[in-house]
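Let's take a friendly walk through a protein model together. Keep the 3D view open and turn it as you read.

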Amino acid sequence: MATMLEERIGGIGPADLVRDHEVHRSVYSDPAVFRLEMRRIFGRAWIYLAHDSEVPNAGDYVVRHIGTQAVIVTRDKDGAVKVIFNRCTHRGATLCAFERGQAPGGHMCPYHGWLFAADGTLKSISHKQNYEEVLDPADWAVTRVPRVEAYRGFIFGCLDREAAPLLDFLGHMSTTIDDLVDRSPTGEVLCSPYVLKHYYRGNWKMTFENLNDTIHPGFAHAASVVSAKHVAEEVGGPEHLKPTLGMMMANGKPISFFQQLDMVTAPGGHSYIGGHMGADYTPDTQNAYHAALVARHGPEKAAKVLGLDRHLMLLYPSSTWHARYQTVRIVRPVKPDLTEVIGYTFSFPGAPEETRINAIEYCTGANSAASPVISDDLELYERMIHGNAWGDQEWIPMSRGVREDRETTNEWTRQPSTSEGYIRNQFRAWAAYMGRS
Ligand code: FES
Ligand SMILES: [Fe+2]
C-alpha cells in the first residue's frame, strides 16, 4: 500500500504530506491515501459505534462501520456486547442487510445458510456432510473486532490490539460525554432509532475541518442568516426561535464575537469550541429541568452540568458530539470523495419533553437533508474537490491563528475559535497515525 502511495506522489511518505501550517491537496482525493487512511487511522483509532440503549436485549443488533468495513454490534445472551465483521466467511456475502434488528438465534447468511453466533462462532453449515474432514467450523468464525470498550454507555471498537485504552484515547474529551450523560435526571440515556443523515461528494476530513470553522458561516451561510433575521422579526425576537433558526442566527454573529470565543484542542486530533447558539428552553421547561437535575445532582453540580455549553466536540476521526443538543454524528468515509454523516439524537427519561424535541430540531437543522444550512457546506466541499483536482497549487494553507494560543496544559490547548488550530491539530494526529508503518 505504501509503495502505491509513494509512486503516486513522487517518492514521499504519508507523513510528508503534512507540514506545520500546510497540507498537500492529495490527502483529500488520492485513492491510495484514502486506502492507507482506512488501515492506519480507522484501523488504529477508537471508533464510536453505538449506544447501549440501541441493543438493550440479547440478540439485538445494529450495523455500523469502522472505516469502510461494516460491523455488527450485538448483545449476546450473557448481556455482553460483541462486535463482529458483517461478512460471511464462506464466500464473503454481507450477513446483515438491515441497519438494526433482532437475531436471537444468530446471523444466518442469506447465500448458503451458514449460521453464526453473536461472537462470530460458526454454529452450523448447510450440507455439513460434504465438508467431512476438509473443513473445521472452528476455523471459520467471523472475525471479531478485537477491542470493544464502553464509556458511560457509549460503545467504541478498535481494530488495533495494541491501542491504548479507550479512556486514554478520549482524554479531556470524556468530560463532554460526562456532560451529555449527566444531563439525564435519572442517569438513563436513550438513543432514538430514527436517524437523520446525508451523503456528500467530498472527503471525510472536510466535515471535521468545517464544523467548528467560525469564519465561514458569515460568508457561506449568509443567505440563511438573512432569512432567519426576517423570521425572528416576525415571531417577536430571537428568544422565540427554535434551535434551527437559533443556529442560523448564530452564524451571523460578528467575527469579533468568535475571536473572543474559546476553542480547545487536545491530543489525538480532538477539539471543541464554546457554545454560541444561545437558544434557551422555555421558562417552564427550564424550571422543571433544573429542578429534576437538582434532585439528582444537588444544586451545585446541576448548575455546572446545565452551564457547560460546548459547541460540537470533534472526536477525531469518526464522530462529533453536542451534549447541549443531545446529538452525536458519525462521519463515515465511503470513498475519497464520498462521505455519509449520520445523526443520532438522545432523550432522557424524566426530563421535559422539550429537551427531546430540541435535540431532534437541532439534528434536523444541522444534519438532515432538510437542513437550510448544510447544503451550503456540502456544495463547498464539492467545489474544493473540483478546485484541488487541477492547477499548480499543491499545498493548502492552514495557518490562521497560528500565533494566537491562549493557554496550554498537559491535556489541552486553548485558542480563539477563529483559529485553524483545530485543523493543524487534526493533521498532527493524521501524520502520527499515517506515519507509523
Ligand atoms: S456466502 Fe455465506 S453461506 Fe455462502
Ligand atoms: Fe457551515
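## A small sheet to start with

Leu115 stands opposite Ser124 in β9. Please keep in mind from here on that this is a predicted model. Strand β8 (residues 115-116) pairs with β9 in the antiparallel sense, over 2 bridges. These two strands belong to an open sheet of 3 strands, in the order β7-β8-β9, with antiparallel pairing. Its edge strands are β7 (107-108) and β9 (122-124), each of which pairs on one side only. As general background, strands of a sheet pair through backbone hydrogen bonds, either parallel or antiparallel.

## A hairpin and an enclosed strand

Now look at another antiparallel pair: strand β4 (residues 69-75) and β5, joined over 5 bridges. Within this pair, Val73 has Val83 of β5 as its bridge partner. β4 and β5 form a hairpin with 5 residues between them. In the turn sits Gly79, with a positive phi of about 90°.

Is strand β5 enclosed or open to the outside? Because 5 of the 5 residues of β5 (residues 81-85) are buried, the strand is largely enclosed by the rest of the structure. In a regular strand the side chains alternate between the two faces of the sheet. Both faces of β5 are covered: Val81, Val83 and Phe85 are buried on one side, and Lys82 and Ile84 are buried on the other.

## The iron site

Which residues coordinate the iron ion (ligand 2)? They are His216 (NE2), His221 (NE2) and Asp377, which appears with two OD entries, at 2.1 to 2.5 Å. Along the chain, the donors follow the spacing H-x4-H-x155-D. His221 lies in the loop between α6 (217-220) and α7 (222-235), while Asp377 lies in helix α13 (residues 374-387), so the pair ties together parts that are 156 residues apart in sequence.

The arrangement around the iron ion (ligand 2) is irregular, because the 4 donor atoms subtend angles of 56 to 145°. For reference, ideal angles for four tetrahedral donors are 109.5 degrees. His221 is buried, with a relative accessible area of 2%, and Asp377 is also buried, at 5% relative accessibility.

## Two domains and their contact

The domain assignment of the protein chain gives domain 1 (47-158) and domain 2 (171-435). Their centres, taken over C-alpha atoms, are separated by 32 Å. The contact takes 16 residues from domain 1 and 24 residues from domain 2. Between them, the domains bury about 1600 Å², with 63% of it on carbon and sulfur atoms. Tyr48, Arg152 and Phe154 supply 35% of the area that domain 1 buries against domain 2, more than any other three residues.

## Backbone details worth finding

Two residues other than glycine have a positive phi, and the table sets them side by side.

| Residue | Phi | Location | Relative accessibility |
|---|---|---|---|
| Glu133 | about 65° | loop between β9 and β10 (147-151) | 82%, exposed |
| Leu312 | near 60° | strand β16 | 3%, buried |

One more spot to visit is the peptide bond from Tyr316 to Pro317, which is cis, with omega near 10°. Pro317 is found in the loop between β16 (310-315) and β17 (319-322).

Terms used. Residues are numbered from 1 along each chain as its sequence is written. Chains are lettered from A and ligands numbered from 1 in the order in which they are written. This is a predicted model: local features need pLDDT of at least 70, side-chain atom pairs count only at pLDDT 80 or more; totals for chains, interfaces and linings use all residues. Side-chain values use heavy atoms; hydrogens and water are left out. Donors are N, O and S atoms within 2.8 Å of the metal (3.2 Å for Na, K and Ca); water is not among the atoms, so sites may look incomplete. Four donors count as tetrahedral if all angles lie between 85 and 135 degrees; four count as square planar and six as octahedral if opposite donors are over 155 degrees apart and all others between 65 and 115; anything else is irregular. Helices (H or I, at least four residues) and strands (E, at least two) are DSSP runs, numbered from the N terminus. Buried means under 20% relative accessible area, exposed over 50%, partly exposed in between (1.4 Å probe, protein chains only). Two strands pair if DSSP finds at least two bridges between them. Domain bounds come from an automatic or database domain assignment. Contact means heavy atoms within 4.5 Å. Buried area is the accessible area (1.4 Å probe) that two parts lose on being put together, summed over both.
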